[in-house]
Each structure stands twice: as C-alpha cells, then as structure tokens.
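Me: I have a model open and would like to talk through its strands, helices and loops with you. Could you take my questions as they come?

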Amino acid sequence: MISHKKFFASWLFMLILISNTAFALNYTEIEKTKVIDDIISYMGNYHQSNFERVTDDVDKHWLKMIETNIGYTNDFKLEGRILASHAGYDNEFGYINNNGDFIQLFDAPQTKWQIVNSNSLEQTPFIEFEMTLPSDMVHLAIRSENEKNYPWIWTSNPDLNDDSLDHMVTWINSLNPLHYIIGFEDLHGFKRNSDWDFNDLVVELRYIYTGSGPIPTPEPGTLLLLGLGLCGLYLTRVKRMI
Ligand SMILES: [Ca+2]
Ligand SMILES: [Ca+2]
C-alpha cells in the first residue's frame, strides 16, 4: 500500500509537470543567429534600452500582442521600416486581413543588406500606414516571390502556413510597449529546407498615439535634451539653495 508521503510526492510531481506543460513559454528557435543578434543588440544600444523576445503565443495574433501590452485601443497610427533584408526572394511586408487577404504595406527587393550605423538608421524614413486597429490587424505576414506565380505567404500563425511552422519572431522595446523588431523567415520548412535565421526581412514597427495615451519613448536625441534640461533644473535649484 502506498504511503501518504509517497502519494503526496507523486501528486506534487504530477502537478508540477502539468503546470509546466500548461504554462510553457514557447520561443521559436533561431538558427544562425549572428545577423539578427547584431541587429537586436545595435537597436538596443541606439535606443538606450533592451529589445526582449516575445513568446510565440503572444506574437501569433497581433491583436493579442497589442491587448497584452497596452490594452484595447484603436487610437493610434502605425509606421514601420525595413532594418535588414538578407533574402534571395522578393519579399513584401504586410498583414492578413479579416477576409484572409494579404495586404501589402511595403516591399524589400531581393538583396543582402542591413542598417549598420546610426547615420543609415536616421536617414531611413518610417513609412506610415493607414490602418484601423484592432479590426484590420489580424496577422503580420510576408509574401515571398521567387518562382513565378507561386508566392508563399508566411505568417506568425503556423495554422496559416504551408509547412505548419511559425515564420515570425518578435522583440519588444522594454521601455516602449509600442515599439517592435520583427524577423521573418522566407524559406519553406520542408520544400525549401529553411535555414531558420529569421533575417530574410527584418522590420521595425511602432505605433504612435494620436489621442490621449502613454507618451512613446523619446528618441535618443530627445533624451539627451531632456537630460540637459533636468541637469539645468537641478543646477538652478542648487543655486537657489546656496
Ligand atoms: Ca512567432
Ligand atoms: Ca532564412
């Protein structure tokens, strides 16, 4: 007959096992990480912040991402730009709307390049999108065209992808819940032996409140001005005290 202690121990073990399975945080594994790691680290330094990986259950549905980070709202504009493109395919960035159609936001030519310094970053303009959130934004996606009349559409949702795998990874600015870096993998997991480096199209995406709401993180230049301002204020106070 099993003792109470043994019964309790095995019950506890089962509970831990179940809770680990239920709450397991899933991060799609990135292979050949150098390019994407360099981009994330560079952007972190540039913004004097950290870009942290988002779990796949959250970035799978972009609306869930928005709701998780800032709650339900549609009172903001959206803008984005390409940070890198290491692709043999012509990739377009966009989203899958409520009807299941791919809506293109901007495209990246078949090329290998990435933003390498603050000059190139400052000279690359953001492209503004007209979009009503949350009803428009269902899944972020890329449309990859190499073989004529045979484009692949890859999203963050394995259920929508031909290889049933996740083709999108996301990082979020730890100081700004409306600021993201997103990496896409454009190669089919089985038919094209994907390399899973997620640098085929790397996009920076951010939202700007148009009405009342949290103030977005200032750019580094603004931070410096703010810092100087606070410094001046401090000196004025010190002077007064003297
Ligand atoms: Ca994902
Ligand atoms: Ca790739």
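Me: Let's start with a strand pairing. Which residue stands opposite G80, and in which strand?

Reply: G80 stands opposite I127, which belongs to β6. Keep in mind that this is a predicted model. The two strands concerned, β2 and β6 (residues 127-129), pair in the antiparallel sense over 3 bridges.

Me: What other strands does β2 pair with?

Reply: β2 (residues 76-86) runs antiparallel to β11 (residues 201-209), and 8 bridges join the two; within that pairing, L78 has Y207 as its bridge partner. β2 also pairs in the antiparallel sense with β5 (residues 112-114), over 3 bridges, and there H86 stands opposite K112.

Me: L83 is in that strand too. What is it in contact with, beyond its sequence neighbours?

Reply: If neighbours within four places in sequence are left aside, L83 is in contact with I39, Q114, I115, I181, V202, V203 and E204. L83 is also one of the residues with the most contacts inside the largest nonpolar core, a group that further includes I39, I181 and V202. That core has 41 residues.

Me: I39 turns up twice there. Which residues of its helix are buried?

Reply: In α2, the buried residues are I36, I39, I40 and M43. Seen down the helix axis, the buried residues of α2 fall within an arc of 95 degrees, so they line one face of the helix. An α-helix has 3.6 residues a turn, so residues three or four places apart point the same way.

Me: And what is on the other side, and what does the buried set pack against?

Reply: On the other side of α2, K34, D37, S41 and N45 are exposed. The buried residues of α2 pack against β1, β2, β5, β9, β10 (176-184) and β11.

Me: How does the span of α2 compare with what you'd expect for its length?

Reply: The 13 residues of α2 should span 18 Å at 1.5 Å a residue, and the end C-alpha atoms are 18 Å apart, which agrees.

Me: Why does K34 count as exposed?

Reply: K34 has 9 other C-beta atoms within 10 Å, and a residue is exposed if it has 12 or fewer, so K34 falls in that class. As for its surroundings, the C-alpha atoms of K34 and D197 are separated by 8.6 Å, although these residues are 163 residues apart along the chain.

Me: What follows α2, and what is its phi?

Reply: α2 is followed by Q48, which has a positive phi, near 50 degrees. Most residues other than glycine have a negative phi. Q48 lies in the loop between α2 (34-46) and β1 (51-53), and it counts as partly exposed because it has 13 C-beta neighbours inside 10 Å.

Me: What about S164: where does it lie, and is it buried or exposed?

Reply: S164 lies in the loop between β8 (152-155) and β9 (168-173). With 11 C-beta neighbours inside 10 Å, S164 counts as exposed. Its phi is near 60 degrees, again a positive value in a residue other than glycine.

Me: Switching to α4, which of its residues are buried?

Reply: The buried residues of α4 (residues 62-70) are W62, M65 and I66. They cover an arc of only 95 degrees around the axis, which puts them on the same side of α4. Those buried residues pack against α3 (56-59) and β7 (139-145), and just after the helix G71 takes a positive phi of about 85 degrees.

Me: β7 again, then. What is the strand order in its sheet?

Reply: The order is β4-β3-β7-β8, an open sheet of 4 strands with antiparallel pairing. The edge strands are β4 (102-108) and β8, each of which pairs on one side only. On average, neighbouring strands of this sheet are turned by 30 degrees against each other, direction ignored. β3 (residues 90-96) and β7 pair in the antiparallel sense over 7 bridges, with Y95 standing opposite L140 of β7.

Me: To finish, how many helices and strands are there, and what share of residues is buried?

Reply: The protein has 6 helices and 11 strands, and buried residues make up 29% of its 242 residues. Among contacts between residues at least 6 apart in sequence, 68% join residues at least 24 apart.

Terms used:
Residues are numbered from 1 along each chain as its sequence is written. Chains are lettered from A and ligands numbered from 1 in the order in which they are written. This is a predicted model: local features need pLDDT of at least 70, side-chain atom pairs count only at pLDDT 80 or more; totals for chains, interfaces and linings use all residues. A residue is buried if 20 or more other C-beta atoms lie within 10 Å of its own, exposed if 12 or fewer, and partly exposed in between; C-beta atoms are placed from the backbone. The arc is that of the directions from the helix axis to the C-beta atoms. Two residues are in contact if their C-beta atoms, placed from the backbone, lie within 7 Å. A nonpolar core is a set of buried Ala, Val, Leu, Ile, Met, Phe, Trp, Tyr and Cys residues joined through C-beta atoms within 7 Å. Two strands pair if DSSP finds at least two bridges between them. Axes are lines fitted to C-alpha atoms, for helices over the stretch in contact, and angles run from 0 to 180 degrees between N-to-C directions. The expected span of a helix is 1.5 Å times one less than its number of residues.
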